[in-house]
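Here are some exercises to work through with the model open beside you. Try each task before you read its solution.

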Amino acid sequence: MGATPRYDAIVIGGGHNGLVHAAYLARAGKKILVLERRHVLGGAAVTEEVFPGFKFSVCSYVVSLLRPEIIRDLGLPRHGLEILPLDGTFAPMPGGSEGDYLWRVNDHAKTHREIARHSRLDAEAYEEYGKAMAEQGKFVKPILGMTPPDLSRLSADVLRKLTFLGRRFRDLPEPDQHNQVQLMTMSAVDFLDQWFETDVLKATMSASGIIGTFLGVRSPGTAYVLLHHYMGEIDGAFRSWGFAKGGTGAISNAIAAAAREAGAEIRTQTPIAQILIKNGRATGVALENGDEFEARVVSSSVDPRRTFIGMMEPGHLPDDFVEQVRHYKFRGSSGKVNLALDALPDFKCLPGPGPHLRGAISISPSIDYMERAYDDAKYGRYSRRPYIDCVIPSLTDPSVAPPGKHVMSCFVQYAPYHLKEGGWDNQRDAFGDTVIDTLAEHAPNIKNIILSRQVLTPLDLEREFGLTEGNIFQGELSLEQLFFLRPVPGWAQYRTPVKGLYLCGSGSHPGGGIMGAPGRLAALEVLKDWN
Amino acid sequence: MSNARDVIIIGAGHNALVTAFYLGRAGLHPLVLERQAVAGGSAVTEEFHPGFRSSTLAHAAAPLVARVVQDMGLAHGGLEMIRPDPVVFAPSADGRALVLYRDTERSGQSIAQFSRADAGKYAEFARVLVRLAGVLQPLMLKTPPALRALSPGDLWTLLGAGRALRGLGSRDMFRLLRWGPMAAADLVSEWFESEPLRAVVAARGIFGAALGPWSAGSGGLLLLRAAFDPEPASGVCFARGGLGKLASALAEAATQAGAEIRNNAEVAEINVRDGAAVGVNLASGEVIPARNVISGVDPQRTFLRLVNPTHLEPGFVGRVRNYRSNGVLAKVNLALAGLPSFSAVKNTRDGRAALAGRIHIGPEIDYLERAFDASKYGDFSADPYLEVVIPSLSDPELAPAGKHVMSIYVQFAPYKLRGLEWSRERETLGDTVVKTLARYAPDLPGLILHQQVITPLALEERLGLTGGHVFHGELALDQLFSLRPLLGWAAYRTPLAGLYLCGSGTHPGVGLSGASGANAAREFLKDWKKRDRR
């Protein structure tokens with residue numbers, strides 16, 4: 001091969017974090033090359049026309065916490081980002097011929113009346129709870145925007161950060177301090193038990209605590225995720241809780257446009273075979289086709305295991321670091337079923353079309369239901385009756401389906417990557433059927449309106465999107481893998497034992513979800529090292 | 001209030017007795033009021049069947065804090081502690097048994113039959129635990145920092161802990177920080193590959209708690225226990241004559257130090273005037289004025305039953321109500337005509353001696369987790385996790401010649417059953433336990449002369465443990481250290497002047513160690529001396 005172009009930085013992976021990372025570096029005037037394995041950008045934040053005329057947000061399907069500073073800095077609205085509201089959570093309940101439901105919307109008065117149908121006390125508590133959570137959210141948000149301290153060395157920076165956190169905590173009013181420590185230590189259900197009595201309310205709320213983890217709603221450490229919802233809501237400046245017009249891929253495309261505008265070069269269908277390392281320093285990457293690219297810095301937005309074990313020759317890393325990487329837990333627990341529909345699902349408990357179909361439809365009728373779904377997974381099988389979170393974006397954004405038709409995306413948990421018996425390849429359809437059967441218990445017409453269905457098991461997520469063990473967050477969001485412990489203790493500052501090699505994906509703080517924070521924070525660290 | 005006592009201590013459990021001792025030694029004359037006929041709380045020995053004696057609840061002591069043993073002169077009293085070795089006998093379904101000893105080398109030989117690799121890892125794991133315990137142990141005898149508005153003392157504690165932590169070096173430091181919130185099952189699978197060993201070690205993270213090995217935070221409980229006993233599989237620690245002997249030794253030391261202990265004196269109410277405790281009323285109607293009251297009973301009983309909640313700020317009462325204290329542990333005592341023959345014993349090199357320590361029934365992580373699952377739905381385990389001891393092996397006095405006493409902790413038996421009544425389920429639970437044991441010791445059922453089953457409900461009624469929780473409240477991350485019993489109230493003081501807590505519902509609150517009692521005494525005396533000076 002001839003003279004290889006020399007870049008300031010090569011970004012491995014064109015997922016939303018990789019693109020954010022590239023955009024920030026390019027805006028700093030650096031020469032950046034982004035290399036994406038697939039034919040389409042976005043990683044797990046993609047829109048694909050899976051069936052002719054039906055566009056799906058194949059993996060990630062709602063925008064929750066896309067950082068406002070990123071939206072601002074990269075001018076994403078100018079690059080075509082439009083967020084449409086995702087209003088409400090509709091939770092159908094079994095029972096009798098109709099069954100009941102709990103339907104929460106952003107309109108407080110409505111929600112108050114609705115919850116009061118189930119419990120007056122809870123309706124009052126819900127207001128209080130919302131206020132308290134908003135306060136907690138404010139406390140936590142700065143942490144999403146900070147590089148975790150490295151506790152293994154007592155630098156001024158570490159002390160500054162620790163005292164900063166200490167002070168913030170100390171300055172909280174006493175009840176908020178109480179809530180804060182509880183959120184960080186309790187299970188979602190134990191936490192909610194203190195506020196509410198209605199089972200279905202606690203069940204659907206606690207569901208947000210387990211998404212993408214291998215934990216149950218009663219497992220300690222699931223409470224703090226309850227915050228994410230409220231943090232999404234209070235990023236009021238720019239509505240950041242909803243759908244992207246044109247599907248989740250539109251977010252990635254907007255970020256990519258911003259990166260290109262800043263001068264970044266982005267190539268798809270260029271799978272990387274290896275990270276090149278010369279005497280302890282990353283010097284570039286080698287593609288599967290043999291081509292090599294050199295750069296001063298290599299930033300990997302793929303997960304730690306793929307980066308350190310998949311793309312590196314052994315011997316470049318200290319043994320105990322490699323051991324830590326092997327201990328880093330993925331064990332994906334969720335799957336995705338995407339449906340092309342001929343009409344809208346008709347729910348027994350609230351028949352006909354209506355605004356209740358425009359938000360999230362959460363199959364989480366009771367706490368026991370959630371726990372039993374988890375129990376199945378613990379012993380290595382997918383849930384016989386899974387927790388399902390559905391959205392029908394075509395109701396809000398007609399551009400994603402042919403006239404009169406609809407796309408419905410169903411997030412399904414639990415679907416453990418490691419099955420005790422058999423493999424996913426011969427259980428994919430059975431899994432898909434289980435999901436449909438579960439939905440049919442609430443919306444019997446579903447079976448007759450499905451034009452086509454796409455079933456993504458954790459194994460498929462790994463194969464197709466490179467998500468190791470099918471974990472949608474590039475590594476479990478459990479307490480021991482968060483903040484200064486993510487991905488491995490002592491290496492939570494986006495740097496790695498290899499000079500010039502950085503991590504900028506969801507495997508680093510603050511983790512998964514369409515936030516963009518890891519990509520941005522990593523970029524700031526790279527620039528810090530350059531200056 | 002001239003005729004008022006200086007201090008009343010409610011309950012004569014082991015922590016209360018330790019507190020009483022230290023107060024006595026400081027020149028006070030605390031009056032200890034015990035509901036039962038004998039001091040000891042959860043650690044009393046009773047004759048549950050003619051000629052057969054066992055502890056109603058606690059059948060073994062976590063090693064008492066060394067300083068307490070020394071201060072109270074327990075070593076050179078009549079008290080003799082027995083620490084059997086082998087430590088653990090864990091039979092598997094396949095007829096083999098994992099036997100662990102105080103000597104990791106010997107343990108290694110037994111572990112090797114399941115995994116050679118684990119044998120080596122076990123020794124390393126043991127060394128790591130010793131190092132981590134070196135940092136944690138001192139914290140057990142410290143008053144947890146308030147977190148909000150840190151006092152100089154708090155800062156000192158934190159700085160000390162921080163320094164000790166960094167002294168470990170990054171590797172161990174991060175282990176400590178990681179393991180706390182971890183699931184015990186994850187922790188052990190990072191170290192070991194053989195299920196029997198994984199299960200025995202992980203069990204320390206769930207004993208007495210509403211946690212399964214897959215519950216996050218069970219790693220923290222494992223560490224907390226390791227702080228008192230760094231052996232990977234904690235050994236049991238008997239008192240010759242039954243654990244009641246330990247209680248009476250504590251009671252005697254307290255009395256000699258100047259405390260007065262009154263049994264059969266049930267406190268019905270803590271009297272409060274102008275936001276301060278001013279004494280107690282006994283169930284008998286007797287009124288005993290006092291300048292200070294120290295409660296050895298659990299937080300919920302103290303603040304919701306003994307104190308009239310109207311004396312407390314509603315927010316505080318609400319938080320006490322939310323304090324989680326529903327037990328999952330039941331107790332079965334068996335009087336046996338002879339020593340049951342565990343089939344796996346023949347595959348050990350110890351013979352019957354293998355049974356002298358802890359017999360662990362819970363061969364796999366999944367077994368333990370399934371046992372836990374039942375409790376989530378308000379049922380007790382069909383295949384329970386059992387911690388069994390046969391104290392009569394090392395202490396023949398406890399049973400008639402040739403006969404034996406078997407004492408069994410049973411998990412999971414939730415305090416709140418769904419659609420069932422403990423009054424009716426008691427014997428079913430007992431039979432479930434016997435059936436489970438019979439799988440490993442087929443001749444057991446034929447040897448049973450008498451079976452005593454103590455449900456969580458009975459623990460509440462007989463021992464006054466709210467929710468039947470043997471540790472005075474759930475041992476989960478949100479109720480430990482600075483959060484035990486409540487954030488802002490972990491310093492043994494309460495919102496009421498002159499009212500203190502000294503029981504297991506305070507830090508560290510796990511096992512029969514006396515640490516809570518010693519810490520409470522220290523904090524009380526600080527205040528006492530301040531008031532003296534005025």
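Two strands count as paired if DSSP finds at least two bridges between them. Keep in mind throughout that this is a predicted model.

**Exercise 1. Lay out the open sheet of chain B.**

Task: Find the order of the 7 strands in the open sheet of chain B, and work out which strands stand at its edges.

Solution:
- Step 1. Follow the pairing from strand to strand: the order is β7-β6-β14-β15-β16-β13-β17 in chain B, and the pairing is mixed.
- Step 2. Look at the two ends. β7 (97-100) and β17 (448-454) of chain B each have a single partner strand, so one side of each is left without a neighbour in the sheet.
- Step 3. Check the twist, which averages 20 degrees from one strand to the next.
- Step 4. Zoom in on one pair. Strands β14 (residues 358-361) and β15 (residues 385-389) of chain B run antiparallel and are joined by 4 bridges. Here Arg358(B) stands opposite Val389(B).
- Step 5. Add the helix. α8 (residues 195-203) of chain B lies across β6 (88-91), β7, β14 and β15 of that chain. Its direction makes an angle of about 50 degrees with β7(B).

**Exercise 2. Do the matching job in chain A.**

Task: Describe the open sheet of 7 strands in chain A, then examine what happens at its edges.

Solution:
- Step 1. Read off the order, β7-β6-β14-β15-β16-β13-β17 in chain A, again with mixed pairing.
- Step 2. Name the edge strands: β7 and β17 (450-456) of chain A, each pairing on one side only. Neighbouring strands are turned by 20 degrees against each other on average, direction ignored.
- Step 3. Take the β7 edge. β6 (residues 89-92) and β7 of chain A run antiparallel, with 4 bridges between them, and Pro92(A) has Tyr101(A) as its bridge partner.
- Step 4. Sort the side chains of β7 (residues 101-104) of chain A. Tyr101(A) and Trp103(A) point one way, Leu102(A) and Arg104(A) the other way, and all are buried.
- Step 5. Take the β17 edge. β13 (residues 334-341) of chain A pairs with β17(A) in the antiparallel sense over 6 bridges, and Val337(A) is partnered there by Val455(A).

**Exercise 3. See which helices cover the chain A sheet.**

Task: Which strands does helix α14 of chain A lie across, and what do the buried residues of α16(A) pack against?

Solution:
- Step 1. α14 (residues 428-442) of chain A lies across β6, β13, β14 (360-363), β15 (387-391), β16 (406-413) and β17 of chain A, at about 125 degrees to β17(A).
- Step 2. In α16 (residues 458-465) of chain A, pick out the buried residues Pro458(A), Leu459(A), Leu461(A) and Phe465(A).
- Step 3. These buried residues of α16(A) pack against β13 and β17 of chain A.
- Step 4. Look just past the helix: Gly466(A) follows α16(A) and has a positive phi, near 70 degrees.

**Exercise 4. Place Val46(A).**

Task: Is Val46(A) buried or exposed?

Solution:
- Step 1. Locate Val46(A) in the loop between β2 (32-35) and β3 (47-51) of chain A.
- Step 2. Count its neighbours. The cut-off for a buried residue is 20 or more other C-beta atoms within 10 Å. Val46(A) has 25 C-beta neighbours inside 10 Å, and therefore counts as buried.
- Step 3. List its contacts beyond four places in sequence: Val40(A), Val58(A), Cys59(A), Thr248(A), Gly249(A) and Ser252(A).

**Exercise 5. Look at the core and the interface.**

Task: Which residues have the most contacts inside the largest nonpolar core, and which element of chain A gives the largest share to the side that touches chain B?

Solution:
- Step 1. The largest nonpolar core has 352 residues, and Ile10(A), Ala23(A) and Ile255(A) have the most contacts inside it. Helix α10 (residues 243-257) of chain B supplies its largest share, 9 residues.
- Step 2. Follow Ala23(A), whose contacts beyond four places in sequence include Leu74(A), Ile255(A) and Ala258(A).
- Step 3. Turn to the interface, where 30 residues of chain A are in contact with 28 residues of chain B. α6 (174-185), α12 (319-327) and α13 (367-378) of chain A each give two or more residues to it, and α6(A) gives the largest share, 6 residues.
- Step 4. Classify the chain A side: 9 nonpolar, 11 polar and 10 charged residues.

**Exercise 6. Test whether chain B is compact.**

Task: Why does the radius of gyration of chain B agree with that of a compact globule?

Solution:
- Step 1. With 534 residues, a compact globule would have a radius of gyration near 24 Å; chain B has 22 Å, so the two agree.
- Step 2. Compare the burial: 59% of the 534 residues in chain B are buried.

Note on methods:
Residues numbered from 1 in each chain as written. Chains lettered and ligands numbered in written order. Predicted model: local features only at pLDDT ≥ 70, side-chain atom pairs only at ≥ 80, totals over all residues. Axes fitted to C-alpha atoms, helices over the stretch in contact; angles between N-to-C directions. Contact = placed C-beta atoms within 7 Å. Buried ≥ 20, exposed ≤ 12 C-beta atoms within 10 Å, placed from the backbone. Nonpolar A, V, L, I, M, F, W, Y, C, P; charged D, E, K, R; others polar. Core = buried A, V, L, I, M, F, W, Y, C linked by C-beta atoms within 7 Å. Rg over C-alpha atoms; globule rule 2.2 N^0.38 Å.
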